[in-house]
Amino acid sequence: MTKLNTYLANLAVINIKFHNLHWNVVGSQFVSVHEYLESEYDKAGERLDEVAEIIRMSGEFPVANLKEYLEISTIKEIETSKEISIKETLEIVLSDIKLQKELALQIRKEANETDDFPVANAMEEHIEDYNKQIWFINSSLK
């Protein structure tokens with residue numbers, strides 16, 4: 001469950017981090033990126049609950065406080081609030097989604113090896129979405 005708790009912590013940090021980006025992004029494509037970020041932090045919030053429930057169903061306890069989230073997360077928060085360009089915003093989101101995808105791949109592999117289908121299925125869905133988001137962002141950055 002260690003990796004799942006790290007994944008959970010990453011979702012919590014992403015949720016706040018993408019709010020920061022949503023509030024502070026600037027540039028000619030402001031509206032579309034602003035709305036995109038809202039959909040992504042909403043998705044992170046939904047996944048936060050989904051993953052925590054998977055951890056509880058296994059008899060374990062999910063990490064559930066900000067201090068621990070920040071200690072175990074592999075996603076780093078933005079240190080200060082400031083205007084952030086569209087390009088920089090998309091690069092930050094891309095980097096975080098790639099990190100989260102790699103962790104999801106590791107978790108899915110381990111879940112497949114132990115026939116933990118609820119975890120494997122959840123990670124499969126997340127990975128599919130991460131692949132799509134990576135394509136969207138890479139296309140936007142061209």
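Let me begin with a term: a residue is called buried when its relative accessible area is under 20%, exposed when it is over 50%, and partly exposed in between. By that rule Phe-136, at 34% relative accessibility, counts as partly exposed. Please keep in mind throughout that what we have here is a predicted model.

I will stay with Phe-136 for a moment, since it belongs to the aromatic pairing, where the count comes to 1 pair. The rings of Trp-135 and Phe-136 have centres 5.2 Å apart and planes at 35°, and because an angle under 30 degrees would be called stacked and one over 60 edge-to-face, this pair is classed as tilted. The partner ring belongs to a residue on the other side of the cut-off, as Trp-135 has a relative accessibility of 55% and therefore counts as exposed.

Let me turn to the helix α5, which runs over 117-140. Its 24 residues should span 34 Å at 1.5 Å a residue, and its end C-alpha atoms are indeed 34 Å apart, so the two figures agree. The buried residues of α5 include Val-119, Ala-120, Met-123, His-126, Ile-127, Asp-129 and Tyr-130, and further along Gln-133, Ile-134 and Ile-137. What covers these buried residues includes α1, α2 and α4.

Going back along the chain, α4 covers 86-113, and with 28 residues it reaches 40 Å from its first C-alpha to its last, close to the 40 Å expected at 1.5 Å a residue. What sits in the loop between α4 and α5? Asp-115 does, and its phi is near 55°, a positive value in a residue other than glycine. Asp-115 counts as exposed because its relative accessibility is 52%, and the cut-off for that class is over 50%.

Next, the interior. The structure holds 1 cavity of 30 Å³ or more, and the volume of the largest cavity is about 80 Å³. Which elements give two or more residues to its lining? They are α1, at 2-24, and α2, at 30-57, with α2 providing the largest share, 4 residues. The lining is made up of Leu-11, Ile-14, Phe-18, Glu-40, Lys-43, Ala-44, Arg-47, Ile-97 and Tyr-130, and by character these divide into 6 nonpolar, no polar and 3 charged. Tyr-130, as a lining residue, is one we have already met among the buried residues of α5.

Ala-44 leads us to another residue, Asn-15, which is found in helix α1. Leaving out residues up to four places away in sequence, Asn-15 touches Tyr-41, Ala-44 and Gly-45. With a relative accessible area of 17%, which is under the 20% limit, Asn-15 is buried.

Finally, consider Pro-62, which lies in the loop between α2 and α3, the latter being 66-72. Is this loop residue buried or exposed? At 18% relative accessibility Pro-62 counts as buried. Setting aside its neighbours within four places in sequence, Pro-62 is in contact with Asn-5, Leu-8, Ala-52, Ile-55 and Arg-56. Of these contacts I would single out Asn-5, since Pro-62 and Asn-5 are 57 residues apart in sequence and yet 6.1 Å apart in space, C-alpha to C-alpha.

Conventions: Residues are numbered from 1 along each chain as its sequence is written. This is a predicted model: local features need pLDDT of at least 70, side-chain atom pairs count only at pLDDT 80 or more; totals for chains, interfaces and linings use all residues. Side-chain values use heavy atoms; hydrogens and water are left out. Buried means under 20% relative accessible area, exposed over 50%, partly exposed in between (1.4 Å probe, protein chains only). On a 1 Å grid over the protein atoms alone, a cavity is a set of points where a 1.4 Å probe fits but cannot get out, and a pocket is an open set with protein on both sides within 12 Å along at least five of seven lines; lining residues have an atom within 4 Å of a point. Grid points are joined across faces, edges and corners, and a volume is the space filled by probe spheres set on the points. Ala, Val, Leu, Ile, Met, Phe, Trp, Tyr, Cys and Pro count as nonpolar, Asp, Glu, Lys and Arg as charged, and the others, Gly among them, as polar. Rings of Phe, Tyr and Trp (its six-membered ring) pair if their centres lie within 6.5 Å; planes under 30 degrees apart count as stacked, over 60 as edge-to-face and the rest as tilted. The expected span of a helix is 1.5 Å times one less than its number of residues. Contact means heavy atoms within 4.5 Å.
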